[in-house]
Amino acid sequence: MAARKDKKQVIGEDMTDQQVRHFLVAEPPQGVDRDFHCLERAYRGLRAHDFARFLAFFIAEGRNPRATDPQGRTLATVIAGHANSADYLAVLGEAGAA
């Protein structure tokens, strides 16, 4: 995947809190729970240790880590079969969301 011209692709560098918090702000598609959308977006865009930081910010805002998608599945349920989801599932489990 090529980086956009206005975005510098950075691999391996630690993310700032501001960069991690950016995943807290996302408008979901119609019919999708906002909290689920943010969780899924963070899962897809963050490394596991950054996802753990995100989840701490998310919960501190009073958001729902057990939010569900339109089919009634939590993020943990959705990602359970993914090959590289173990670290993310552990983070969700520690937060009581698995």
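The exercises below concern the helices of a predicted model and the residues that they bury.

Residues are numbered from 1 along each chain as its sequence is written, and side-chain values use heavy atoms, with hydrogens and water left out. Because this is a predicted model, local features need pLDDT of at least 70 and side-chain atom pairs count only at pLDDT 80 or more, while totals for chains, interfaces and linings use all residues.

**Exercise 1. Determine which residues of helix α5 are buried, and on which side of the helix they lie.**

Step 1. Helices are DSSP runs of H or I with at least four residues, numbered from the N terminus, and α5 covers residues 86-94.

Step 2. Taking buried as under 20% relative accessible area, exposed as over 50% and partly exposed as in between (1.4 Å probe, protein chains only), the buried residues of α5 are Y88, V91 and L92. These residues lie on the same side of α5, because they cover an arc of only 95° around the axis, where the arc is that of the directions from the helix axis to the C-beta atoms.

Step 3. The other side of α5 has A86, D87 and E94 exposed.

Step 4. The general background is that an α-helix has 3.6 residues a turn, so residues three or four places apart point the same way.

Step 5. The cover over the buried residues of α5 includes α2 (34-45), α3 (48-60) and α4 (75-79), and just after α5, G96 has a positive phi of about 75°.

**Exercise 2. Compare the length of α3 with its expected span, and describe its buried side.**

Step 1. The expected span is 1.5 Å times one less than the number of residues; α3, with 13 residues, reaches 18 Å from its first C-alpha to its last, close to the 18 Å expected.

Step 2. Buried in α3 are A48, D50, F51, F54, L55, F57 and F58, which lie on the same side of α3 because their arc around the axis is only 165°.

Step 3. Among the elements that cover these buried residues are α1 (17-21), α2, α4 and α5.

**Exercise 3. Locate H37 and list its contacts beyond its neighbours within four places in sequence.**

Step 1. H37 lies in helix α2 and is buried, with a relative accessible area of 17%.

Step 2. With contact meaning heavy atoms within 4.5 Å, and leaving aside neighbours within four places in sequence, H37 touches A26, E27, P28, P29 and V32.

Step 3. For the helix around H37, the buried residues of α2 pack against α3, α4 and α5.

Technical notes: Helix = DSSP H or I, 4+ residues; strand = E, 2+ residues; numbered from the N terminus.
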